[in-house]
Amino acid sequence: MSSQEVDELLGHVGDATATADSEQFQVRVRRRTKSEAPTENMEDGARPLFSFGVIADIQYADIDDGYNFSCTRRRYYRHSLEQLRRATLAWRSESPRPRFVLQLGDVIDGFNKPRRASRSALDAVLRELEDAALVHHVWGNHEFYNFSREELAASALNSGREAATQDQGAALAEGGNWYHFSPEPRFRFLVLDAYDVSVIGRQERSERYSQALRLLQEHNDNEELNQPPARPGVEQRFVKFGGGFSQDQLQWLDRLLTLSDEKLEKVTVVSHLPVHPSSSDPVCLAWNYEEVLSVLHSHKCVVCFMAGHDHDGGYHRDLYGIHHLTFEGVIETPPDNDAFGSVYVYEDKMVLKGNGRVASRILQYP
Ligand SMILES: Nc1ccn([C@@H]2O[C@H](COP(=O)(O)OP(=O)(O)OC[C@H](O)CO)[C@@H](O)[C@H]2O)c(=O)n1
């Protein structure tokens, strides 16, 4: 679907367009005046119930451009802050304003750690996000390159704690940092921790670290475990920069989705790692993606799964009608382009208005 078609569909929405303007990047906001702004969706007369912003893999660091691990993709570390600024300016100028932003993880890059710049880099991105909206932060591998779990739990990236204390419809899972919130009656978001079982972010003496190491050693013969195994297809996901979900978290997910089924809610699940092989490079899949899919597929309420990590992005609608969206990463987005989206939520669908590398889509509920 073209941006123009989505614009037509979203006739009620104030339009914000981020463009590169000469040397400086500025957001040029084109707002429809009251008289020219249609008050209704041109398709069926409905107005969105609410909207939210989405952005993935900002990976900011105040360093020169570089490359990914396999040297195939350029990374614009310093410029990612400008990209974020353009996104927040666009969200701020939208009408209605997004109720919250989903930051899908890897907000700053691991290269900050050896430079002792983790705190200052995090402060810089948080400052940019400050006025945009309430932000729900997902934890990705780069969060753990920079901070321990304890440090993350005490930081502004612990949005689960904030949500649980401020919002009656939200709760942080006991003993875990996965959580849920309901921004509007009959709509719920579940934020998962894809590095629950991992060798990054877990103490070497912990059971979850041992479990992760066993899995990696079973599936990956390389000395450097960041190097994907030679085996083809989905086996390639067993890399050190990946991770998986504990049984505790899967049981929590199942329990929450059962409650949402009963309440006839529409649920969007978010995680740093994708869980559908057709929406991601196999290297980027969560280790136990099949277990997650099996839980999702046993509930009627799930409409969408949103992830980051695979900077090339991806999309697939599975056999159960669930939309699997993997958002293009800011870090590998050239300075003259963008990578963020706004999602407008209706009774029967969500409409993603993508910017730059993020495609616009209509996400009809199953
Ligand atoms: N130039 C580099 C880049 C990375 N590494 C190390 O490799 C590990 C994986 O890190 P990275 O590629 O940065 O992980 P991302 O989450 O950004 O990317 C995931 C997918 O590949 C994107 O599609 C980590 O240990 C880095 O330190 C490196 O050594 N040299």
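Start with the whole chain in cartoon view: nine helices and 17 strands are there to find. Keep in mind that this is a predicted model. Of the chain's 366 residues, 48% count as buried. Look also at how the chain folds back on itself: among contacts between residues at least 6 apart in sequence, 65% join residues at least 24 apart.

Now colour by confidence. The mean pLDDT of the chain is 89, with 87% of residues at 70 or more. Select residues 14-42 next, where the pLDDT is below 50; in the model this stretch has 51 contacts beyond near neighbours in sequence. For the complex, the predictor gives an ipTM of 0.94 and a pTM of 0.91.

**Stop one: the ligand**

Zoom in on the ligand and show what surrounds it. There are 13 residues around the ligand, and the ones that come nearest are Phe-69, Asn-226, Phe-241, Asp-310 and His-311. Colour the shell by class and you get four nonpolar, seven polar and two charged residues.

**Stop two: a six-stranded sheet**

Hide the side chains and pick out the open sheet that runs S7-S6-S3-S15-S16-S17, with mixed pairing. Its edges are strand S7 (134-137) and strand S17 (361-364), each pairing on one side only. Look along the sheet, and neighbouring strands are turned by 25° against each other on average, direction ignored.

Stay in this sheet and select residues 339-345 and 349-356. These are strands S15 and S16, an antiparallel pair held over seven bridges. As a reminder, strands of a sheet pair through backbone hydrogen bonds, so turn those on in your viewer. To find your place in the pair, label Tyr-344, which stands opposite Val-351 in S16.

**Stop three: backbone oddities**

Go to Ser-95 and Pro-96 and show the backbone as sticks. The peptide bond joining Ser-95 and Pro-96 is cis, with omega at about 5°. Pro-96 is in the loop between helix H2 (80-93) and strand S6 (100-103), and S6 is one of the strands in the sheet you just left.

Next, jump to Arg-186, in the loop between strand S9 (179-184) and strand S10 (187-191). Arg-186 isn't a glycine, yet its phi is positive, about 75°. Is Arg-186 buried, exposed or partly exposed? It counts as partly exposed because it has 13 C-beta neighbours inside 10 Å.

Then select Leu-264, in the loop between helix H8 (247-262) and strand S11 (266-270). Here too phi is positive in a residue that is not a glycine, at about 55°. Leu-264 has 9 other C-beta atoms within 10 Å, so it is exposed.

**Last stop: Asn-112**

Finish at Asn-112, in the loop between S6 and helix H3 (118-129). Why does Asn-112 count as buried? Because it has 23 C-beta neighbours inside 10 Å, and the cut-off for buried is 20 or more.

Which residues does Asn-112 touch, leaving aside those up to four places away in sequence? Select Ala-61, Ala-117, Ser-118, Ala-121 and Asn-146 to see them. Before you close the session, draw a distance line from the C-alpha atom of Asn-112 to that of His-142: they are 30 residues apart along the chain, and 9.6 Å separates them.

Conventions: Residues numbered from 1 in each chain as written. Predicted model: local features only at pLDDT ≥ 70, side-chain atom pairs only at ≥ 80, totals over all residues. Near = placed C-beta within 6 Å. Nonpolar A, V, L, I, M, F, W, Y, C, P; charged D, E, K, R; others polar. pLDDT = per-residue confidence, 0-100. Contact = placed C-beta atoms within 7 Å. Pairing = 2+ DSSP bridges. Helix = DSSP H or I, 4+ residues; strand = E, 2+ residues; numbered from the N terminus. Axes fitted to C-alpha atoms, helices over the stretch in contact; angles between N-to-C directions. Buried ≥ 20, exposed ≤ 12 C-beta atoms within 10 Å, placed from the backbone.
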